Amino acid sequence: NANIVIITQSDILTRTITGEGVQPFIDIKTKILDFGRVEIGDERTFQDTLLITNASIGTIAIDSVYMLGPDKEQFITISGGGKFDLAPNESRKLSVMFKPNWGGRTSGRLAFAHNGFGSPAIVQLFGTGIGGVLKVTSDSAYAGEKKTFHVSLENIKPEGLAELASSFELKLKFQKTILGLSDYSNCEFTTDSVYLTLKGAVTASADIASFDATACLGNVSETSI
């Protein structure tokens with residue numbers, strides 16, 4: 001207990017404040033799990049990580065272990081979750097996985113709902129998905145048609161682009177008789193292919209690059225880019 005004394009020009013006000021400190025029922029041994037940078041489509045697991053211990057003098061019933069978010073999709077409890085009891089001083093090991101589907105920094109919270117004070121106990125989760133899928137859009141044209149072809153970076157949330165990189169460099173390969181470029185200064189050549197190098201700054205747009213070409217009546221009907 002404590003008193004707050006507020007002195008004004010005309011009065012003296014006294015207010016009482018109270019609070020009660022209690023021993024934590026659940027001791028979170030690992031308050032933060034940071035999975036670092038993981039390629040999109042890959043995964044990283046903290047195996048049998050010691051997360052919680054019963055710090056009380058009685059048995060604690062854990063009703064459930066669940067993801068609070070904000071990211072509930074890319075963090076996964078592999079083992080050690082569910083409903084269980086913890087005796088005094090007993091610990092629980094869990095295995096938690098980060099499997100990014102999107103690029104960029106993300107965070108989640110692993111919650112332990114229990115029958116004691118301070119429920120749920122929270123563990124913070126962090127991870128960064130890196131990589132992505134490059135795709136050339138507007139990928140068809142008639143022979144003789146001049147067209148701008150766009151290169152987009154998919155599986156990357158726009159807000160995560162700047163966290164991954166500030167600039168890019170990519171190389172496109174295509175069959176040399178079916179597309180004609182107006183500028184070959186950034187190209188390399190093999191017997192039947194052209195390698196076009198594009199560079200630029202990363203912005204908030206998923207369309208990261210473009211190039212102009214004329215569709216030609218070449219010796220093939222289509223080309224992989």
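## Strand 10 and its partners

Strand 6 (60-67) and strand 10 (104-114) run antiparallel and are joined by 5 bridges. This is a predicted model, so treat everything below as a look at a prediction. One of the places where these two strands meet is easy to find: Met 67 has Leu 110 of strand 10 as its bridge partner.

Strand 10 also pairs with strand 11 (121-130), again in the antiparallel sense, this time over 9 bridges. Pick out Ala 111 and you'll see that its bridge partner in strand 11 is Ile 122. If you're wondering what holds such strands together, strands of a sheet pair through backbone hydrogen bonds, either parallel or antiparallel. Is strand 10 mostly covered or mostly open? Mostly covered, with 8 of its 11 residues buried.

## The turn after strand 10

Strands 10 and 11 form a hairpin with 6 residues between the strands. In this hairpin, Gly 118 takes a positive phi near 85 degrees. Right after that glycine comes another thing to look at: the peptide bond from Ser 119 to Pro 120 is cis, with omega near 0 degrees. Pro 120 sits in the loop between strand 10 and strand 11.

## Two nonpolar cores

Which residues touch the most other members of the largest nonpolar core? They are Leu 51, Leu 110, Phe 112 and Leu 125, out of 22 residues in this core. You've already met Leu 110, as the bridge partner of Met 67. Quite a few strands chip in: strands 3, 4, 5, 6, 8, 9, 10 and 11 each supply at least two residues of this core. Strand 6 gives the largest share, with 4 residues.

Phe 112 is a good residue to click on. Leaving aside neighbours within four places in sequence, Phe 112 is in contact with Leu 51, Ile 52, Ser 64, Val 65, Leu 94, Ser 119, Pro 120, Ala 121 and Val 123. So the list includes both Ser 119 and Pro 120, the pair joined by that cis bond. There's also a second, separate core of 21 residues, and among its members are Ile 40, Leu 179, Leu 181 and Ala 213.

## Phe 46 and Asp 48 in strand 5

Now for strand 5 (residues 44-54), which is home to Phe 46. Phe 46 is partly exposed, with a relative accessible area of 27%. Not counting residues up to four places away in sequence, Phe 46 touches Leu 33, Asp 34, Phe 35, Leu 94, Ser 95 and Val 96. Leu 94 is also on the contact list of Phe 112. How far apart in space are Phe 46 and Thr 18, C-alpha to C-alpha? The answer is 41 Å, and the two are 28 residues apart in sequence.

Asp 48 lies in strand 5 too. Asp 48 has a positive phi of about 50 degrees, although it isn't a glycine. At 44% relative accessibility, Asp 48 counts as partly exposed.

## More backbone oddities

Here's some background: most residues other than glycine have a negative phi, and most peptide bonds are trans. Asn 89 goes against the first habit, with a positive phi of about 70 degrees. You'll find Asn 89 in the loop between strand 8 (84-86) and strand 9 (91-98). Is Asn 89 buried or exposed? It counts as exposed, at 65% relative accessibility.

For the second habit, look at Gly 69 and Pro 70, which are joined by a cis peptide bond with omega about 15 degrees. Pro 70 has its place in the loop between strand 6 and strand 7 (75-79).

## An open sheet of three strands

Further along the chain is an open sheet of 3 strands, in the order 14-17-16, with antiparallel pairing. Why is one side of strand 14 (167-175) and of strand 16 (187-189) left without a neighbour in the sheet? Both stand at the edges, so each has a single partner strand. Neighbouring strands here are turned by 20 degrees against each other on average, direction ignored.

Strand 16 pairs with strand 17 (residues 193-201) in the antiparallel sense over 3 bridges. At one of these spots, Cys 187 has Leu 196 in strand 17 as its bridge partner.

## How confident is the prediction?

The chain has a mean pLDDT of 88, and 96% of its residues reach 70 or more. Among the elements, strand 1 (residues 2-7) has the highest mean pLDDT, 95, while helix 1 (residues 158-164) has the lowest, 66.

Terms used. Residues are numbered from 1 along each chain as its sequence is written. This is a predicted model: local features need pLDDT of at least 70, side-chain atom pairs count only at pLDDT 80 or more; totals for chains, interfaces and linings use all residues. Side-chain values use heavy atoms; hydrogens and water are left out. Two strands pair if DSSP finds at least two bridges between them. Axes are lines fitted to C-alpha atoms, for helices over the stretch in contact, and angles run from 0 to 180 degrees between N-to-C directions. Buried means under 20% relative accessible area, exposed over 50%, partly exposed in between (1.4 Å probe, protein chains only). A nonpolar core is a set of buried Ala, Val, Leu, Ile, Met, Phe, Trp, Tyr and Cys residues joined through side-chain atoms within 4.5 Å. Contact means heavy atoms within 4.5 Å. pLDDT is the predictor's confidence in each residue, from 0 to 100.
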